[in-house]
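Me: Could you take a close look at the salt bridges in this one for me? I'd like to know who pairs with whom, where the partners sit, and how buried or exposed they are.

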Amino acid sequence: MKVVIIEDEYLAAEKLERYLLKYNRDIEVLIKLSSLETAIPWIGEHQETVDLFFMDVQLTDGLSFEIFSTISVEKPVIFTTAFDEFAIDAFKVNSIDYLLKPITFTDLSKALNKLKSLKEQFSRHPEISPLVQQLGKKSYKDRFLVRMGNHIHSIPTESIGYFYAEGRDVYLKRTNGKKYLIEYTLESLEELLDPKKFLRTNRSFVVHINAIEDVVVYANRRLKLTLNPKTENELIVSREKVAKFKLWFEGI
């Protein structure tokens with residue numbers, strides 16, 4: 001089994017590797033990664049060589065769940081964390097188990113035994129595997145219904161430049177400059193939109209990649225975006241999202 005450990009605490013990563021080798025000497029730890037910035041491009045290029053990921057939930061530059069909204073992770077994952085508040089989010093993605101720190105060898109063994117059992121079940125019933133894979137494929141919203149007076153319009157996502165919030169209201173801004181009030185929150189839009197095309201850049205904006213005309217390095221390591229159609233106020237990428245924005249904008 002080939003394993004990748006994504007963990008920002010050096011000692012925790014080393015301890016996990018020791019436990020893995022204690023469980024089975026044939027396990028190979030391919031690499032230990034410590035951040036979203038290093039993990040996302042590595043997974044994008046080398047995922048086919050991996051059998052299992054161990055991911056710490058809280059990394060130095062964000063939550064590891066952001067990996068799943070940036071690229072497609074097709075291999076099983078065991079999450080590790082010091083907190084139990086992320087358990088529900090963990091099982092929304094392809095998580096096999098959720099281990100609370102400090103992790104014991106017994107915890108690790110049970111998780112790996114669970115993975116082994118699942119693999120054996122699928123090998124005995126190969127007809128199940130394609131069905132599970134199909135269920136795991138997420139589809140994204142490609143049209144939005146908007147209302148103008150007594151008229152209802154269907155707006156394709158490809159014609160949307162961005163979504164933005166003003167107070168409690170959220171608006172859709174088309175590439176032709178027209179805007180519409182919609183009954184969605186920005187948080188729900190993050191789940192509904194294709195993450196390769198749309199990104200939440202700060203508390204107020206979800207932006208289509210094709211709407212970006214210019215990116216300028218701004219104060220305090222932030223980024224300033226110029227969009228088409230133009231925004232009424234400056235659009236600044238929040239500091240905690242800069243690393244994710246760069247990877248997304250590069251197409252990783």
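Reply: Here's a walk through three of the salt bridges, with a stop at a helix at the end.

Keep in mind that this is a predicted model. Searching the whole structure turns up nine salt bridges.

Let's start with K2 and E28, whose closest N and O atoms are 2.8 Å apart. K2 is in strand β1 (residues 2-6) and E28 is in strand β2 (residues 28-33), so this contact ties together parts that are 26 residues apart in sequence. Neither end is hidden away: K2 is partly exposed with a relative accessible area of 34%, and E28, at 37%, is partly exposed too.

Next up is K101 with E7, where the closest N and O atoms are 2.9 Å apart. This one links distant parts of the chain, 94 residues apart: K101 sits in the loop between β7 (95-100) and α5 (105-124), while E7 belongs to the loop between β1 and α1. The burial here is lopsided. E7 has a relative accessible area of 7%, so it falls under the 20% cut-off and counts as buried, whereas K101 comes out at 22% and is partly exposed. There's also a third player, since E7, D56 and K101 are linked in a network of salt bridges.

The third pair is R200 and E190, again with 2.9 Å between the closest N and O atoms. R200 lies in strand β13 (residues 198-200) and E190 in helix α7 (residues 186-192), ten residues apart. In this pair the basic partner is the buried one: R200 has a relative accessible area of 11%, while E190 is partly exposed at 37%.

Now for the helix. The loop holding E7 runs between β1 and α1, and α1 itself covers residues 10-23. That makes 14 residues, reaching 20 Å from the first C-alpha to the last, close to the 20 Å expected at 1.5 Å a residue. Which residues of α1 are buried? They are A13, L16, E17, Y19 and L20. Looking down the axis of α1, these buried residues fall within an arc of 160°, so they line one face of the helix. Over on the other side, Y10, L11, R18 and K22 are exposed.

Terms used: Residues are numbered from 1 along each chain as its sequence is written. This is a predicted model: local features need pLDDT of at least 70, side-chain atom pairs count only at pLDDT 80 or more; totals for chains, interfaces and linings use all residues. Side-chain values use heavy atoms; hydrogens and water are left out. Helices (H or I, at least four residues) and strands (E, at least two) are DSSP runs, numbered from the N terminus. The expected span of a helix is 1.5 Å times one less than its number of residues. Buried means under 20% relative accessible area, exposed over 50%, partly exposed in between (1.4 Å probe, protein chains only). The arc is that of the directions from the helix axis to the C-beta atoms. A salt bridge is a side-chain nitrogen of Lys or Arg within 4 Å of a carboxyl oxygen of Asp or Glu.
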